[in-house]
Amino acid sequence: MSNGDGVPEGEVYDWYRRGAELLDQGHPAAAVQLLLRAADAEPGSRSILEALARAQYGAGLYRDALDNFKTVAQADPSDDYAQFGWGLTAARLGDFESSAEHLALAVAMRPEAEHYRAALRQTKATLAARAGAYGPLQPGAPGYRGPGQDSA
């Protein structure tokens, strides 16, 4: 609900809480709208920025999510979830070197978090595959270029 000028009803905390609920209910794009409003009102709130980054990630807004995860992690480098989010989002954007760095930090801070370790393993496997650690691509594999199939 909003008043006549498009501003949601309630206070900043209400916007944050409702945005977090929408995110938990699987509506990240709707959550982004409320959380952007809350972040504009309270730009220094790491809780709001982290929730906004999560919503942006869920809505496929990876560049925006990366910026917000970075902001939270740079404000508090010991925030393992912000480091994890930075690493996941960097991977989505194809920056696997940065992904590995931030996922490794998250794993170091919370080694018991299996989802952190799984994400790091996947990123490391991607880096290894790109470096040719598993040998040359076999015929039929995505990206395979056989004899006489030079890339244009």
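Visitor: Is α5 mostly covered or mostly open, and how many of its residues are buried?

Guide: Mostly covered: in this predicted model, 10 of the 13 residues in α5 are buried. General idea first: an α-helix has 3.6 residues a turn, so residues three or four places apart point the same way. Here the buried set takes in Asp80, Ala82, Gln83, Phe84, Gly85, Trp86, Gly87, Thr89, Ala90 and Ala91.

Visitor: What covers those buried residues of α5?

Guide: Other helices do part of the job, including α3 (46–58), α4 (62–75), α6 (96–109) and α7 (114–130).

Visitor: How many ångströms does α5 reach from its first C-alpha to its last?

Guide: α5 runs over residues 80–92 and reaches 18 Å, close to the 18 Å expected at 1.5 Å a residue.

Visitor: And the ends? Which residue caps the N-terminal end of α5?

Guide: That's Asp79, with a side-chain oxygen 3.1 Å from the backbone nitrogen of Tyr81. Just after the helix, Gly94 has a positive phi of about 85 degrees.

Visitor: Now the packing of α1 and α2. At what angle do they pack?

Guide: Two packed helices are described by the angle between their axes and the distance between the axes. For α1 (residues 12–24) and α2 (residues 28–41), the angle is about 155 degrees and the axes are 8 Å apart. The pair is therefore roughly antiparallel, and the crossing is left-handed.

Visitor: Which residues of α1 and α2 meet?

Guide: On the α1 side, look for Val12, Trp15, Tyr16, Arg18, Gly19, Ala20, Leu22 and Leu23. Their counterparts in α2 are Pro28, Ala30, Ala31, Leu34, Leu35, Arg37, Ala38 and Ala41.

Key. Residues numbered from 1 in each chain as written. Predicted model: local features only at pLDDT ≥ 70, side-chain atom pairs only at ≥ 80, totals over all residues. Heavy atoms only, no water. Helix = DSSP H or I, 4+ residues; strand = E, 2+ residues; numbered from the N terminus. Expected span 1.5 Å × (residues − 1). Buried < 20%, exposed > 50% of the residue type's maximum accessible area, 1.4 Å probe, protein only. Contact = heavy atoms within 4.5 Å. Polar contact = N/O pair within 3.5 Å; in protein donor to acceptor, adjacent residues only side chain to side chain. Axes fitted to C-alpha atoms, helices over the stretch in contact; angles between N-to-C directions. Parallel < 35°, antiparallel > 145°, perpendicular 65-115°, else oblique. Left-handed = near helix turned anticlockwise from the far one by under 90°.
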